[in-house]
Amino acid sequence: MLPSQALLPAAVFALTALQALASDTLIAAVYEHAVILPDASEEPVSPSQALALMNKNMDVLEGAIREAAQQGAHIIVTPEDGIYGWRFTRESIYPYLEDIPDPVVNWIPCTDPSRFGPTPVQERLSCMARNNSIYVVANIGDKKPCDSSDPDCPSDGRYQYNTDVVFDPQGKLVARYHKYNLFRGETQFNYPKEPEAITFETPFGKFGIFTCFDILFYEPAVVLVSKMQVDTVLFPTAWMNVLPFLTAVEFHSAWAMGMRVNLLSANTHNTAMAMTGSGLFTPEGPVAYHYDSATEEGRLLLAELSAHPSLSPTYPPAINWSLYATSIKKFPGENDTFSGAVRKDIFTFSELRHKAGNNTVCQGDLCCHLIYEMSNKRKDEVYVLGAFDGLHGSLIKYHWQICTLLKCPSTNLSTCGQPVETAQTKFEMFSLSGTFGTSYVFPEVLYSGVQLAPGEFKVLRDGRLKSKHGTSKPLITATLFGRLYEKDLPHPLRTSL
């Protein structure tokens with residue numbers, strides 16, 4: 001450890017070096033990994049058996065990392081659960097965990113593997129980064145012993161955390177993040193006592209990192225962007241797609257656009273659990289993405305991005321998401337409404353009965369407005385305008401405001417809100433807006449076959465989501481997702497196990 005007197009000069013030197021090497025762009029990669037899973041068992045395996053499985057997955061990841069580096073990538077993100085999977089109890093995952101130190105220790109596991117006890121996974125990840133001169137982002141498990149002096153210490157005497165790690169091109173551990181918003185099935189892990197806002201500086205921008213379910217909450221996701229002002233968010237995830245609104249590529253692209261930041265999203269790949277969808281997303285839309293529910297293969301994505309998107313001449317302006325919608329009166333026309341369920345959320349819907357029209361639908365404090373013209377009004381396809389203003393989630397409840405132009409699975413209106421992947425109807429134009437009570441709104445358009453629509457829509461500064469020149473493919477949804485973080489209910493589970 002450096003003496004305190006040396007820290008300031010060292011920090012100044014490091015910052016000067018970064019500025020000298022600074023680049024306007026970076027080449028980034030994400031790898032969607034078809035994870036090799038352990039046998040389902042409640043009994044712990046031996047440490048050697050656990051390491052054998054993890055090495056099989058790391059063999060695959062190492063190949064992807066090498067290929068990305070050979071193509072010039074500066075950083076690669078790999079998925080949540082990408083090294084050992086997810087079939088675990090609290091006891092059975094223990095042999096897969098390592099003690100991950102705070103990065104302030106200035107440690108390169110590849111060259112000093114025994115400094116913190118047995119750490120073969122960190123050693124190998126460090127060597128992957130060092131040998132390929134690339135930043136490597138991976139998701140593993142951290143274990144921390146505790147005792148009776150800690151009133152929150154679990155009965156088995158340890159904390160277990162879902163953890164992201166980042167190694168720099170020299171193999172040094174530069175970031176460690178403990179997932180704060182665990183999904184309901186992650187009972188093998190503990191909640192950190194406090195949310196962590198983890199950032200690190202590089203020659204190609206300031207990075208922040210969080211994991212999967214975290215993206216839906218204020219801490220750490222919004223904090224990193226709004227308060228820490230990161231350029232790029234690293235996002236290991238194991239995302240199970242849920243149509244019509246929560247497919248991975250759909251929501252992650254929308255989040256990047258709404259937050260006006262780069263998002264490097266690496267998903268696990270498991271078609272049986274509807275896990276697929278990775279991408280390199282920017283404030284202007286997706287640069288590269290992958291969605292494959294048909295095969296069991298992994299996929300490497302790579303693209304050049306702006307290292308400092310907020311300095312780019314194409315950086316989108318701040319949006320007043322309710323300006324247009326609150327300035328108009330209710331549109332005329334047929335506005336008969338009915339209720340429909342999107343999973344367990346009860347939406348208020350209005351059917352688009354004509355080839356073109358103005359529609360308004362309201363729920364709670366939210367009114368959604370739509371002006372549209374279909375290319376052809378088909379008798380076998382029904383579209384609706386929908387509004388939802390309320391709490392979402394069965395156990396962990398968080399507040400959405402959603403305006404959506406949505407295709408129904410059939411002409412039976414009772415099916416509206418149920419999943420649908422294909423459509424036949426194109427639109428000459430649409431303009432969607434809402435009276436949102438939040439500045440955190442995420443826009444996205446989804447085409448038939450769960451395809452994004454990069455470059456085919458725009459968001460005006462007054463909050464209207466508009467098509468540019470109609471839709472080039474049939475439309476499934478055009479949606480504005482609003483998050484009222486201040487209306488979320490208290491978390492029911494954020495206590496130590």
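Leu264 has Leu280, in strand 10, as its bridge partner. The model is predicted. Strands 9 and 10 belong to an open sheet of 6 strands. A further open sheet has 7 strands. Helix 5 (residues 248-259) lies across strands of the 6-stranded sheet and also packs on the 7-stranded one.

**Sheet of 6 strands**
- The strand order is 6-7-8-9-10-11, and the pairing is mixed.
- Strand 6 (199-202) and strand 11 (285-290) are the edges. Each has a single partner strand, so one side of each lacks a neighbour in the sheet.
- From one strand to the next, the twist averages 15°.
- Strand 9 (residues 262-267) and strand 10 (residues 278-282) run antiparallel, joined by 3 bridges.

**Sheet of 7 strands**
- Here the order reads 13-14-17-18-24-20-21, with antiparallel pairing.
- Strand 13 (337-342) and strand 21 (451-452) are the edge strands, and each pairs on one side only.
- Strand 20 (residues 441-447) and strand 24 (residues 475-483) share 7 bridges and run antiparallel.
- Leu446 stands opposite Thr477, a residue of strand 24.
- Helix 5 touches strand 18 (398-407), strand 20, strand 21 and strand 24. Its direction makes about 140° with that of strand 20.

**Helix 5 on the 6-stranded sheet**
- Helix 5 crosses strand 8 (232-237), strand 9, strand 10 and strand 11.
- Helix 5 runs at about 20° to strand 10.

Terms used
Residues are numbered from 1 along each chain as its sequence is written. This is a predicted model: local features need pLDDT of at least 70, side-chain atom pairs count only at pLDDT 80 or more; totals for chains, interfaces and linings use all residues. Side-chain values use heavy atoms; hydrogens and water are left out. Two strands pair if DSSP finds at least two bridges between them. Helices (H or I, at least four residues) and strands (E, at least two) are DSSP runs, numbered from the N terminus. Axes are lines fitted to C-alpha atoms, for helices over the stretch in contact, and angles run from 0 to 180 degrees between N-to-C directions. Contact means heavy atoms within 4.5 Å.
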